[in-house]
Structures are given as C-alpha cells and as structure tokens.
Amino acid sequence: MPSEVECPQCHHTFDSGEVRSVDPGVVRWLTEELTWSGQEPTERMYASYLYSAGDMPVSRKRFVQDLVYLGVPETRDAEGVCFLVRK
C-alpha cells in the first residue's frame with residue numbers, strides 16, 4: 001500500500017504511489033524560476049506563477065499540490081504565513 005505524505009500545517013496531501021499529471025504550466029514555471037531556493041511565501045510564488053501562466057492558470061490549491069508532488073513542500077510559520085521550501 002502506498003504511503004501518504006501530508007503537510008500538517010497547510011493540509012495538502014497526496015498519495016506518494018499515485019501517478020498523476022502535473023500541470024505543464026506549473027512545471028514550466030518551476031524550471032524557469034531556477035534562481036529561487038530556500039523559503040519563499042506561497043502567495044508571492046503563486047502570484048509569480050499567475051503572471052507567467054497566461055490564460056489557463058491552475059488554482060492556488062492545485063499549484064501547491066503539484067509543487068508538493070514535485071518535491072517542493074509548503075510549511076506554515078508561527079504567524080500563519082505559508083511558505084514553499086525549495087532546496
């Protein structure tokens with residue numbers, strides 16, 4: 001049985017054994033943002049994605065789920081601000 005991975009702070013889950021399609025726009029945005037590493041606010045990163053997405057952006061929830069699936073987790077700080085963490 002596949003294990004489940006969860007970000008308990010932001011409540012995004014996916015089944016790590018699941019084969020799913022990742023939105024090509026999210027992949028393109030992530031590969032174009034090569035200078036980004038470390039911790040960045042999710043809202044700032046989603047705004048950057050929306051700016052580059054054109055006419056068919058995905059929802060914030062799908063954006064974060066796709067990034068979690070691609071190995072970029074989301075966490076929440078003590079003030080409740082969500083951050084994406086990229087190594």
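Two strands are said to pair if DSSP finds at least two bridges between them. With that in mind, the sheet of this predicted model is a good place to begin. Strand 3, which covers residues 38–41, runs antiparallel to strand 5 and pairs with it over four bridges. On the other side of the sheet order, strand 4 (residues 74–76) is joined to strand 5 by three bridges, again in the antiparallel sense. Together, three strands make an open sheet with the order 3-5-4 and antiparallel pairing. Strand 3 and strand 4 are the edge strands, since each of them pairs on one side only. On average, and with direction ignored, neighbouring strands of this sheet are turned by 35° against each other.

A look at individual partners makes the pairing easier to follow in the structure. Pro-41 stands opposite Phe-83 of strand 5. For Glu-74, the bridge partner in strand 5 is Leu-84, while Arg-76 stands opposite Cys-82. Strand 4 and strand 5 form a hairpin with five residues between the strands, and in this hairpin Gly-80 takes a positive phi near 90°. Strand 5, made of residues 82–86, is mostly covered, with four of its five residues buried. As a general point, side chains in a regular strand alternate between the two faces of the sheet.

From the sheet, the description moves to helix 3, which spans residues 60–69. Buried residues in helix 3 are Phe-63, Val-64, Asp-66, Leu-67 and Val-68. After helix 3 comes Gly-71, another glycine to look for, whose phi is positive and near 95°.

Phe-63 is a helpful guide to the aromatic side chains. A pair of aromatic rings is described by two quantities, the distance of the centres and the angle of the planes. Four aromatic pairs are present in the structure. In one of them, Trp-29 meets Phe-63 edge-to-face, with 5.2 Å centre to centre and 65° between the planes. Trp-29 belongs to helix 1 (residues 24–32) and Phe-63 to helix 3, so this pair ties together parts that are 34 residues apart in sequence. Both Trp-29 and Phe-63 are buried. Phe-63 also forms a pair with Tyr-46; this one is tilted, with 5.2 Å centre to centre and 55° between the planes. Here the link runs from helix 2 (residues 42–53), where Tyr-46 lies, to helix 3, where Phe-63 lies, so parts 17 residues apart in sequence are tied together.

How accessible are these rings? Phe-63 has a relative accessible area of 0% and is therefore buried. Tyr-46 has a relative accessibility of 13%, so this residue counts as buried too, because the cut-off for buried is under 20%. Ring pairs link Trp-29, Tyr-46, Tyr-49 and Phe-63 into a cluster.

Charged side chains add another set of links. In general, side chains of opposite charge can pair when their charged atoms come close. The structure holds four salt bridges. One of them joins Arg-60 and Glu-43, whose closest N and O atoms are 2.5 Å apart. Since Arg-60 lies in helix 3 and Glu-43 in helix 2, the pair ties together parts that are 17 residues apart in sequence. Arg-60, at 24% relative accessibility, counts as partly exposed, and Glu-43 is partly exposed with a relative accessible area of 48%.

Arg-60 has a further partner in Glu-74, and in this salt bridge the closest N and O atoms are 3.2 Å apart. Glu-74 lies in strand 4 and Arg-60 in helix 3, so this bridge ties together parts that are 14 residues apart in sequence. Glu-74 counts as buried, at 1% relative accessibility.

Helix 3 also holds a salt bridge between Asp-66 and Arg-62, with the closest N and O atoms 2.8 Å apart. Both residues lie in helix 3, four residues apart, which is about one turn of the helix. Asp-66 has a relative accessibility of 0% and counts as buried, whereas Arg-62 is partly exposed at 26%. As for the other bridges described here, those that share partners join Glu-43, Arg-60 and Glu-74 into one network.

Terms used
Residues numbered from 1 in each chain as written. Predicted model: local features only at pLDDT ≥ 70, side-chain atom pairs only at ≥ 80, totals over all residues. Heavy atoms only, no water. Buried < 20%, exposed > 50% of the residue type's maximum accessible area, 1.4 Å probe, protein only. Helix = DSSP H or I, 4+ residues; strand = E, 2+ residues; numbered from the N terminus. Phe/Tyr/Trp six-rings, centres within 6.5 Å; stacked < 30°, edge-to-face > 60°. Salt bridge = Lys/Arg side-chain N within 4 Å of Asp/Glu carboxyl O. Axes fitted to C-alpha atoms, helices over the stretch in contact; angles between N-to-C directions.
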